[in-house]
Amino acid sequence: MDKKLEILKKEYMNVTIPSELDFVVRKALKDNGINNSLRNNNFKRIRIATASIAAAFVVLTVGVNTSPVFAAAITKVPVVGSIVKVLTFREFTVNEDTFNTNIKIPAVQGLENKTLENSLNEKYLAENKKLYEQFMADMENLKKNGGGHLGVNSGYEVKTDTDRILSIGRYVVNTVGSSSTKMKYDTIDKKNGILITLPSLFKDDRYVEIISENIKKQMIEQNKADNNKFYWVAGIEQKGTMKLFEKISKEQSFYIDSEGKLVISFDKYEAAPGYMGIVQFAIPTDIIADILVSNEYIK
């Protein structure tokens with residue numbers, strides 16, 4: 001056993017830190033505004049910590065491979081949740097002069113609830129396949145009628161990824177004449193393996209009115225602070241006859257951010273002129289606290 005420990009010690013001391021790590025660590029410290037002296041000290045500590053992690057991995061690997069008792073003990077250690085990832089499952093691309101599309105299809109991996117995982121992935125595939133087929137049909141139709149311009153860009157972004165919450169945003173940008181942008185979100189409770197809907201967060205429908213009034217207030221306050229932030233809402237002088245924002249729908253697009261705040265989202269042109277793009281409003285938790293079903297998600 002002493003001989004084995006000596007081998008482990010030597011492997012620990014000889015762990016090689018990749019040269020790429022120097023760059024990554026230094027850049028992270030620099031980006032966070034840490035001065036040179038502190039940066040050098042922090043850099044050394046981080047390298048030591050990284051070496052320790054790498055060495056621990058060596059110890060674990062050697063231990064499992066050399067000791068049946070150690071290996072048996074490791075198999076009894078419970079796994080604390082699986083790693084949930086969002087990957088690009090498939091991509092459709094067309095680049096033909098005035099016809100362009102790029103469609104990235106996301107896929108969720110690692111949810112313990114495989115029924116939910118499969119249903120989400122099937123939905124993402126079906127949505128984007130339909131989008132691609134529609135693009136191809138529209139392109140062929142335009143070609144038959146003398147040509148034109150057509151563009152579709154679709155993809156996704158992970159808005160939140162914590163131990164508890166995964167929020168995935170999926171966008172579609174159509175560029176025919178003036179562009180339009182639509183955004184959909186799925187917010188998942190990773191712990192319980194459920195899809196969170198907006199109504200499921202609240203005791204009753206009062207949330208529609210309460211949230212809507214707060215959003216109107218935020219719109220007006222933003223406009224007062226910066227008149228370039230313009231919304232179609234009563235309280236801001238309007239130019240034209242656009243329909244004013246009154247209230248959100250019961251199923252309004254939303255996600256929960258990494259700080260546990262409810263964020264309400266509006267598509268381009270839904271509540272503001274096109275130059276504003278997609279607009280979002282973080283809702284203060286204190287105004288909805290009394291009507292939340294629980295504080296499990298919204299903090």
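**A first tour of the strands and helices**

Visitor: How many bridges join strand β2 to strand β3?
Guide: β2 covers residues 99–109, and β3 covers residues 150–161. Strands are DSSP runs of E with at least two residues, helices are runs of H or I with at least four, and numbering starts from the N terminus. Two strands pair if DSSP finds at least two bridges between them. β2 and β3 run parallel, and the number of bridges joining them is five.

Visitor: In this predicted model, what is left out of side-chain values?
Guide: The model is predicted: local features need pLDDT of at least 70, side-chain atom pairs count only at pLDDT 80 or more, and totals for chains, interfaces and linings use all residues. Residues are numbered from 1 along each chain as its sequence is written, while side-chain values use heavy atoms and leave out hydrogens and water.

Visitor: Is the crossover from β2 to β3 left-handed or right-handed?
Guide: Start with one bridge: isoleucine 103 has serine 154 in β3 as its partner. From β2 the chain passes through helix α5, residues 114–144, to reach β3. With the strands pointing away from the viewer, a clockwise path from the first strand over the helix to the second would be right-handed. This β-α-β crossover is left-handed.

Visitor: Which residue in β4 is the bridge partner of valine 152?
Guide: β4 covers residues 165–176 and pairs with β3 in the antiparallel sense, over nine bridges. A hairpin of three residues links β3 to β4. The β4 partner of valine 152 is asparagine 174.

Visitor: Which strands lie at the edges of the open sheet β7-β8-β9?
Guide: The sheet has three strands in that order, with antiparallel pairing. An edge strand pairs on one side only, and that holds for β7 (254–256) and β9 (279–283). Twist averages 25° from one strand to the next. The edges are β7 and β9.

Visitor: At what angle does helix α6 run to β9?
Guide: β9 is joined to β8 (residues 262–266) by five antiparallel bridges. Helix α6, residues 206–225, lies across both strands. Axes are lines fitted to C-alpha atoms, for helices over the stretch in contact (heavy atoms within 4.5 Å). Angles run from 0 to 180 degrees between N-to-C directions, and α6 runs to β9 at about 115°.

Visitor: Why does threonine 187 count as buried?
Guide: Threonine 187 sits in strand β5, residues 178–189. Leaving aside residues up to four places away in sequence, threonine 187 touches neighbors including Ile165, Ile196 and Tyr255. Buried means under 20% relative accessible area, exposed over 50%, partly exposed in between, with a 1.4 Å probe and protein chains only. Threonine 187 is buried because its relative accessibility is 1%.

Visitor: Which residue's side chain makes a polar contact of 2.9 Å with that of threonine 187?
Guide: A polar contact is a pair of N or O atoms within 3.5 Å. Within protein, one must be able to donate a hydrogen and the other to accept it, and residues adjacent in sequence count only if both atoms are side-chain atoms. The partner of threonine 187 is serine 167.

Visitor: Is aspartate 97 buried or exposed?
Guide: Aspartate 97 lies in the loop between β1 (85–96) and β2. Its phi is near 55°, a positive value in a residue other than glycine. With a relative accessible area of 79%, aspartate 97 is exposed.

Visitor: What percentage of the chain's residues are buried?
Guide: The chain has six helices and nine strands. Of its 299 residues, the buried share is 36%.
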